[in-house]
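Student: Got a minute to go through this model with me? I'd like to jump around a bit.

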Amino acid sequence: MRILITNDDGAGAHGLSVLHQIAKAISDDVWIVAPETNQSGASHALTLQVPLRYREIGERAFAVRGTPADCVIMGVKHVLKDKAPDLVLSGVNHGANLAEDVTYSGTIAGAMEGTLLGIRSIAMSLTIGFDPEGKQHWKSPVEHGPRLVKQLLDAEWPAMTLMNINYPDLAPGDVRGVVATRQGRRDQGGLHIQERSDTWGDPYFWVGFERRRSDPPQGTDLRAIADGFISVTPLHLNLTHEGAREALGEVLSLDRASPLKDVG
Ligand code: MN
């Protein structure tokens with residue numbers, strides 16, 4: 001089985017070497033095509049205004065000056081154009097990708113791009129920041145990842161669906177299990193703007209995150225992680241809300257006597 005791995009934290013990130021270990025436990029035919037620099041928050045962006053450049057950084061390993069989506073396209077359409085990968089793995093991200101993180105995440109976008117190219121794709125992220133001693137439990141994905149990937153490959157995947165795996169910030173032996181979840185929604189403020197001053201006294205800004213424990217509903221990715229389980233969420237790339245579509249069919253009409261351009 002040929003596996004293409006990528007991430008959004010950059011080719012030098014520790015999580016990529018963790019993902020490489022997971023992939024090597026499954027196959028000997030593993031290829032890395034990862035961003036040259038940290039692309040966290042890049043979402044599904046493509047680089048279209050400047051050329052893509054890439055360089056070999058090791059055996060079967062390349063760094064692309066671009067986004068995770070660029071990397072997967074470069075990997076499938078150029079580096080591995082002789083034989084497409086059977087599986088795309090993206091991660092392991094430094095930090096969880098849960099709830100509304102999904103549409104910001106470059107990690108998940110790597111798996112989205114693989115899915116769009118017709119390849120089964122899995123995103124992986126490690127929750128970081130809740131361990132009381134500040135530990136980062138990278139051994140959890142190393143230990144549990146290969147078995148999970150094999151189980152997912154044996155499972156049924158609808159078209160246009162990727163798998164989003166999040167590991168809790170627990171040592172491998174403390175992980176309580178694995179559950180299939182749905183995308184949740186945080187019950188807190190979300191993103192905010194931090195204002196600071198530069199050397200000249202002028203303001204500059206960072207987008208800031210609030211990360212505190214809450215009480216998320218059962219069945220969600222947030223709940224699974226809060227309870228110490230690995231969360232696996234199947235995500236569908238078709239974002240249509242079917243209920244809303246059906247309801248709209250009842251209210252929308254085109255009155256040809258008063259065209260839309262005259263309204264308002
Ligand atoms: Mn990241």
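Student: Start with Lys150. Is Lys150 buried, partly exposed or exposed?

Tutor: Keep in mind that this is a predicted model. Lys150 has 42% relative accessibility. The buried class ends at 20% and the exposed class starts over 50%, so Lys150 counts as partly exposed.

Student: Which helix does Lys150 lie in?

Tutor: Lys150 is part of helix H4.

Student: And what is Lys150 in contact with, leaving aside neighbours within four places in sequence?

Tutor: Ala25 and Ile26.

Student: How far is Lys150 from Pro168, C-alpha to C-alpha?

Tutor: 20 Å, with the two positions 18 residues apart along the chain.

Student: Switching to the metal. Which residues are the protein donors of the manganese ion?

Tutor: Asp8 and Asp9 each give an OD atom, Ser40 its OG and Asn93 its OD1. They lie 2.1 to 2.2 Å from the ion.

Student: How are the donor residues spaced in sequence?

Tutor: The pattern is D-D-x30-S-x52-N.

Student: Why does the pair Asp9 and Asn93 tie together parts far along the sequence?

Tutor: Asp9 sits in the loop between strand S1 (2-6) and helix H1 (14-24), while Asn93 is in strand S5 (residues 87-94). The pair therefore links parts that are 84 residues apart in sequence.

Student: Is Asp9 buried or exposed? And what about Asn93, buried or exposed?

Tutor: Asp9 is buried, at 14% relative accessibility. Asn93 is buried too, at 7%.

Student: What does Thr37 touch, not counting residues up to four places away in sequence?

Tutor: Asp8 and Gly10. Asp8 is one of the manganese donors. Thr37 itself is in the loop between S2 and S3. Thr37 has a relative accessible area of 47%, so the label is partly exposed.

Student: How far apart are Thr37 and Thr107 in space?

Tutor: 13 Å, C-alpha to C-alpha, for a sequence separation of 70 residues.

Student: On to the core. How many residues has the largest nonpolar core?

Tutor: It has 29 residues. Those with the most contacts inside it are Ile5, Leu89, Val92, Ile122, Met124, Val149 and Ile165.

Student: Which elements each supply at least two residues of this core?

Tutor: Two helices, H1 and H4 (139-154), do. So do the strands S1, S2 (29-35), S5, S6 (120-126), S7 (161-167) and S11 (229-236). H1 gives the largest share, five residues.

Student: Take Ile122. What does Ile122 touch, beyond residues up to four places away in sequence?

Tutor: Leu87, Val88, Leu89, Ser90, Ala111, Val149, Leu152, Trp157, Met163 and Ile165. Apart from the largest core lies another one, of 13 residues. Val33, Phe62, Met74 and Val79 are among them.

Student: Now helix packing. At what angle do H1 and H4 pack?

Tutor: About 45 degrees, with the axes 9 Å apart. Roughly parallel stops under 35 degrees and roughly perpendicular begins at 65, so H1 is oblique to H4. The crossing is right-handed.

Student: Which residues meet there?

Tutor: From H1, Val18, Gln21 and Ile22. From H4, Pro141, Val142, Gly145, Pro146 and Val149.

Student: And how do H2 and H3 pack?

Tutor: Helix H2 (residues 68-79) and helix H3 (residues 106-116) pack at about 30 degrees, with axes 8 Å apart. H2 also passes H3 in a right-handed crossing. Pro68, Ala69, Val72 and Ile73 of H2 make the contact with Gly106, Gly110, Glu113 and Gly114 of H3.

Student: Any backbone oddities I should look at?

Tutor: Most residues other than glycine have a negative phi, and most peptide bonds are trans. Here the peptide bond from Gly91 to Val92 is cis, with omega near -15 degrees. Val92 belongs to strand S5.

Student: What is the phi of Ser43? And of Ala99?

Tutor: Ser43 has a positive phi of about 55 degrees. Ala99 has a positive phi near 50 degrees.

Student: Where do Ser43 and Ala99 lie?

Tutor: Ser43 is in the loop between S2 and strand S3 (54-58). Ala99 is in the loop between S5 and H3. Ser43 is partly exposed at 22% relative accessibility, whereas Ala99 is buried at 0%.

Terms used
Residues numbered from 1 in each chain as written. Predicted model: local features only at pLDDT ≥ 70, side-chain atom pairs only at ≥ 80, totals over all residues. Heavy atoms only, no water. Donors = N, O, S within 2.8 Å, 3.2 Å for Na, K, Ca; no water. Helix = DSSP H or I, 4+ residues; strand = E, 2+ residues; numbered from the N terminus. Buried < 20%, exposed > 50% of the residue type's maximum accessible area, 1.4 Å probe, protein only. Core = buried A, V, L, I, M, F, W, Y, C linked by side-chain atoms within 4.5 Å. Contact = heavy atoms within 4.5 Å. Axes fitted to C-alpha atoms, helices over the stretch in contact; angles between N-to-C directions. Parallel < 35°, antiparallel > 145°, perpendicular 65-115°, else oblique. Left-handed = near helix turned anticlockwise from the far one by under 90°.
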